[in-house]
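Colleague: I should like a close look at a single part of this model, with the neighbouring elements described where they help. Please give one connected account.

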Amino acid sequence: MAVRDVEPAPKTMLRGRGGTAHLRRESVVLDRAGIRLVIPLEAIESAHVTLDRRPTAAISLNSTATSAERTTVCTISSRNTEEVGAFVNAVNAALPQRDGAERRVDGAALVKAQERPLTPKRERLPIMSPAEARACAGFACLFTLGLLPPALAGDGHLARLWTGGFPAVVMGCVIAHGTWRATVTWWLLHRYGVTTDARNASHYPRSDVNHPGTVVYAFTDTSGTSHTFEHTGPASAPDKRIAYDPARPDFARGPAQPWARTLILLLRLLLGVPVTLAMAAFLVWYFTTAVHA
């Protein structure tokens, strides 16, 4: 039977960078980036302080596996070390004490996520998403804009230069977008990431015998919603340990290991930054120098 040593202080709160954490009578409430995570005290294994660039309060969930890796729901950082320590101590003092014979609970299944009311999303187009349609329209406008000066000046050489260089501009925009998304994903997972196991749900073989095929992984977020994603691999591929952003699980998702996410980001930056700068330099040169030459 669970008992409490100390009643939690109803007004215990930690104001951190980008959000707040409230310790209530039966739960800890985390408000960050437009989403509220309600974590029952029964779901929490412990709270602890980590010292990176600034003191951070981290909350770990209970797991049904005795040797399971800690699952960090969220972290709240603050410049005030004493406030972080006091909040962590208050959370740990409020946790229910269990005896060894009591059945362990799955903390992640007890966490509830509450989002702000959002405008309903538009339905996807039959061929492409609204974002892809806007990108294609933007590229069409940019291509037309680049053809106007040589058309008005009757300069065929400049028109051929723009037509030949435009595919490289499109590729540069795609790489720049991928670099931006990788950076945002890394930041969201670093700040708000929840770790969980994605199970091997199904496998789709390819006609090419040399190709391992595609594995479909499935996981359930803190609100109980199921999500899937695909990854190249054989049918015997093991389950993956992943991290995701509770507010946007389908957008921000990556490996559970921070070093792996950082390595992916660095590789993206090494490719994306030079390509983005070269694309921007070409556009500036074309519209300011080549057109007026």
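**A strand residue and a helix pair**

Modeller: Strand β9 spans residues 194-204, and T195 lies within this strand. The model is a predicted one, and the description should be read accordingly. T195 counts as buried because its relative accessibility is 17%, and the cut-off for burial is under 20%. Its C-alpha atom is separated by 9.5 Å from that of D221, the two residues being 26 residues apart along the chain.

The helices come next. Two packed helices are described by the angle between their axes and the distance between the axes. Helix α4 covers residues 156-192 and helix α5 covers residues 258-290; they pack at an angle of about 145°, with 7 Å between their axes. The crossing of α4 and α5 is left-handed. In the contact of α4 with α5, the residues comprise 21 nonpolar, 8 polar and 2 charged.

One residue of helix α4 is G172. G172 has a relative accessibility of 3% and therefore counts as buried. The C-alpha atoms of G172 and A278 are separated by 8.2 Å, although these residues are 106 residues apart along the chain.

On helix α5, W259 has its place. W259 counts as exposed because its relative accessibility is 61%, where exposure requires over 50%. Together with L263, L267 and L270, W259 forms a nonpolar patch on the surface, and the accessible area of the four residues together is about 500 Å².

Methods. Residues are numbered from 1 along each chain as its sequence is written. This is a predicted model: local features need pLDDT of at least 70, side-chain atom pairs count only at pLDDT 80 or more; totals for chains, interfaces and linings use all residues. Side-chain values use heavy atoms; hydrogens and water are left out. Axes are lines fitted to C-alpha atoms, for helices over the stretch in contact, and angles run from 0 to 180 degrees between N-to-C directions. Helices (H or I, at least four residues) and strands (E, at least two) are DSSP runs, numbered from the N terminus. A crossing is left-handed if the near helix is turned anticlockwise from the far one by less than a right angle, and right-handed if clockwise. Ala, Val, Leu, Ile, Met, Phe, Trp, Tyr, Cys and Pro count as nonpolar, Asp, Glu, Lys and Arg as charged, and the others, Gly among them, as polar. Patches are made of residues with over 30% relative accessible area and no salt bridge: like charges are joined within 9 Å, nonpolar side chains (Val, Leu, Ile, Met, Phe, Trp, Tyr) within 5 Å. Accessible areas come from the Shrake-Rupley method with a 1.4 Å probe; for residues, only the protein chains shown count as cover. A salt bridge is a side-chain nitrogen of Lys or Arg within 4 Å of a carboxyl oxygen of Asp or Glu. Buried means under 20% relative accessible area, exposed over 50%, partly exposed in between (1.4 Å probe, protein chains only).
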